[in-house]
Amino acid sequence: MRLGAPQFRLSASTKWLLGFALFCMFMLFGSRERPWADATPMYEVAEALVKRQDINIATAWPVDLERGRRGKIYAIAPLLQSLQHVPGVLIRKLLVSVWRGTHDLSWPFAAHVGPSALAALAVVLFVSLCGALGLSLPASLLGAAAFAFATMHWVYARSAYSESLQTACFVAFALQVLRNTQETSRGRAAALGITAGLLINAKSVFALSLLGATVWLVWQLWGQWARVRTTGLWGLLGFVPLALVMPLYNWARFGSVWSAGYNLNIPVFEERLPLGLWGLFLSPGKSVFLYCPPLLLSLVALPRLWRRCRWLGAFIALLVAPLVALYGKMLYWSGDYSWGPRYLAFAVPLLLLPAVLLLQDLFASPRDLRRRLALWAVTVVLLLGVAVQALGSAFYWDHFIRISQQARTAWLGQADRAGAPTPTVDKVCGACFEDVHQVQWLPAFTPLEGHAWLLKHKWFGSDAHRATRDAPWARYTRNQLDIEDSYARVRFDWWPLEFFERGRRGMAVVLCLWFVFGVTVAMFILPARLKAATKLDSW
């Protein structure tokens, strides 16, 4: 039952360098879209904190949000989801002071600084987690590259949503759980408590993962009561101050430590669990394997995991399964307006660990034909993953979703939304089955094919009439469906394009060169640092 002995440890400076390179890469290929939907109130709270030292905002989201203290509007998202945007707000102030008249232009750019930094942090923490598990450095680095660029983590690094924050906090917590299993000290126990506190402040439902981690630690430390006392006491000392942030923030917004502003009367958790899990893992439009092809390697590695590392399977299951089961019970299991199953983004790094084990064994196997074929197969899967993320990054996901809604209505008719569990806005129910079922279940509206179709036609400047001739749904109907309004709004999603279109080419070039310089410098130094990746660290 013993965990594998760590084979490498990256020095703190190497981690910072790797994280800086990844941050520059994520920002270089960032989105041009301002914060939308859930991300809007998150960013507005960050602006209010910086500009007014307050937390009330202008945008009510969701639209039926009840007013809080003093009749003002407050975000329902946890405070940490807004704090991730504070650096972006400060950077925006700097950009506006350097380039006058760029207040609106710098908004989308600055809104992606925090998520990109946290996405980079998640990848660095993933490498550390692999090292703590005893996986080799080459396999860990390739697994980290797959995580960063061949799974939907790449798309959410470009998004102003909170998925990057949740993923970084979850991997940090998993790493500390593992390290407290291997060795007990006051510092490590306190770090475990701190990461647990950050995790539930990223999203309160992660309390289920805390329960799973507790079961794991009790199992691993059973009978070692001195270690249990140290872990429990110092873990609580790190956890409690951060846990208190949640009720205090609730009181500051809504006058009650128990209220976070959610409408608890909406019947959200009424889906049948098998159907919700089927959707998350196997639906034609939202399967996590479609949007994260490297996870197919983890499927292949499951027999290997069972034979050699059952403890690792238990570790992953205890931390991931409780939350996956909760999301499977949601009517909105797909994460609605998103790229792939958004609610599973946090679990991708842990679900990828069996694939890293497979890679390690492949690197260590004899150099014969079987090994070459296996490596070629791995290469194809990883390249497929990169291609999927390129499609997801080419356009903001809302564009094809709205095209699918317009085409679906023209083809299949107007849905009856009278019984929708959540309020409708402009005759649209947002996350409800009536308005997103086509991108979840119908092959004619699969987003992957839809983005590939859009890429071809937008690249060559096709109009809506020409594009509909070979639209994904053309295989199923000969009707010429009207998509003119939604198709006209589609644009390529890369931030320098926005700068060029608004006559700010110099600003775009300077920022691009900064990020290119950062990646270049980091990649020039990193190889030598990684060769010496044996220094113990305190992460």
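**Notes on helix H7 and the cavities**

1. The lining of the second largest cavity is made up of nine nonpolar residues, one polar residue and no charged ones. Keep in mind while looking at it that this is a predicted model. The cavity itself has a volume of about 40 Å³.

2. Which residues line the second largest cavity? Going along the chain, they are Leu-142, Gly-143, Ala-146, Pro-294, Leu-297, Leu-352, Ala-355, Val-356, Leu-359 and Leu-382. H7 and H19 are the elements that give two or more residues to this lining, and the next points look at how H7 packs.

3. Start with H7 (residues 137-149) and H19 (residues 353-364): their axes come within 8 Å and cross at roughly 135°. An angle from 115 to 145 degrees falls outside the parallel, antiparallel and perpendicular ranges, so H7 and H19 are oblique to each other. Their crossing is right-handed.

4. On the H7 side, the contact with H19 is made by Pro-138, Ala-139, Ser-140, Leu-142 and Gly-143. H19 brings Val-356, Leu-359, Gln-360 and Phe-363. Sorted by class, that is six nonpolar and three polar residues, with no charged ones. Leu-142, Gly-143, Val-356 and Leu-359 take part in this contact and also turn up in the lining of the second largest cavity.

5. H7 also packs against H20 (residues 369-394), here at an angle of about 25° with the axes 9 Å apart. Angles under 35 degrees count as roughly parallel, which means that H7 and H20 are roughly parallel.

6. Where do H7 and H20 meet? Leu-142, Ala-146 and Phe-149 of H7 touch Leu-382, Gly-385, Val-386 and Gln-389 of H20. The tally for this contact is five nonpolar and two polar residues, again with no charged ones. Leu-142 is worth clicking on: this residue is in the contact with H19, in the contact with H20 and in the lining of the second largest cavity. From H20, Leu-382 is in the contact with H7 and lines that cavity too.

7. How many cavities of 30 Å³ or more does the structure hold? There are four. The largest has a volume of about 120 Å³. It is lined by 17 residues, and those closest to its centre are Ser-31, Arg-158, Ser-159, Tyr-396 and Trp-397.

8. Compare the two linings by class. The largest cavity has nine nonpolar, four polar and four charged lining residues, whereas the second largest has no charged residue in its lining.

Terms used
Residues are numbered from 1 along each chain as its sequence is written. This is a predicted model: local features need pLDDT of at least 70, side-chain atom pairs count only at pLDDT 80 or more; totals for chains, interfaces and linings use all residues. Side-chain values use heavy atoms; hydrogens and water are left out. Axes are lines fitted to C-alpha atoms, for helices over the stretch in contact, and angles run from 0 to 180 degrees between N-to-C directions. Helices (H or I, at least four residues) and strands (E, at least two) are DSSP runs, numbered from the N terminus. Angles under 35 degrees count as roughly parallel, over 145 as roughly antiparallel, 65 to 115 as roughly perpendicular and the rest as oblique. A crossing is left-handed if the near helix is turned anticlockwise from the far one by less than a right angle, and right-handed if clockwise. Contact means heavy atoms within 4.5 Å. Ala, Val, Leu, Ile, Met, Phe, Trp, Tyr, Cys and Pro count as nonpolar, Asp, Glu, Lys and Arg as charged, and the others, Gly among them, as polar. On a 1 Å grid over the protein atoms alone, a cavity is a set of points where a 1.4 Å probe fits but cannot get out, and a pocket is an open set with protein on both sides within 12 Å along at least five of seven lines; lining residues have an atom within 4 Å of a point. Grid points are joined across faces, edges and corners, and a volume is the space filled by probe spheres set on the points.
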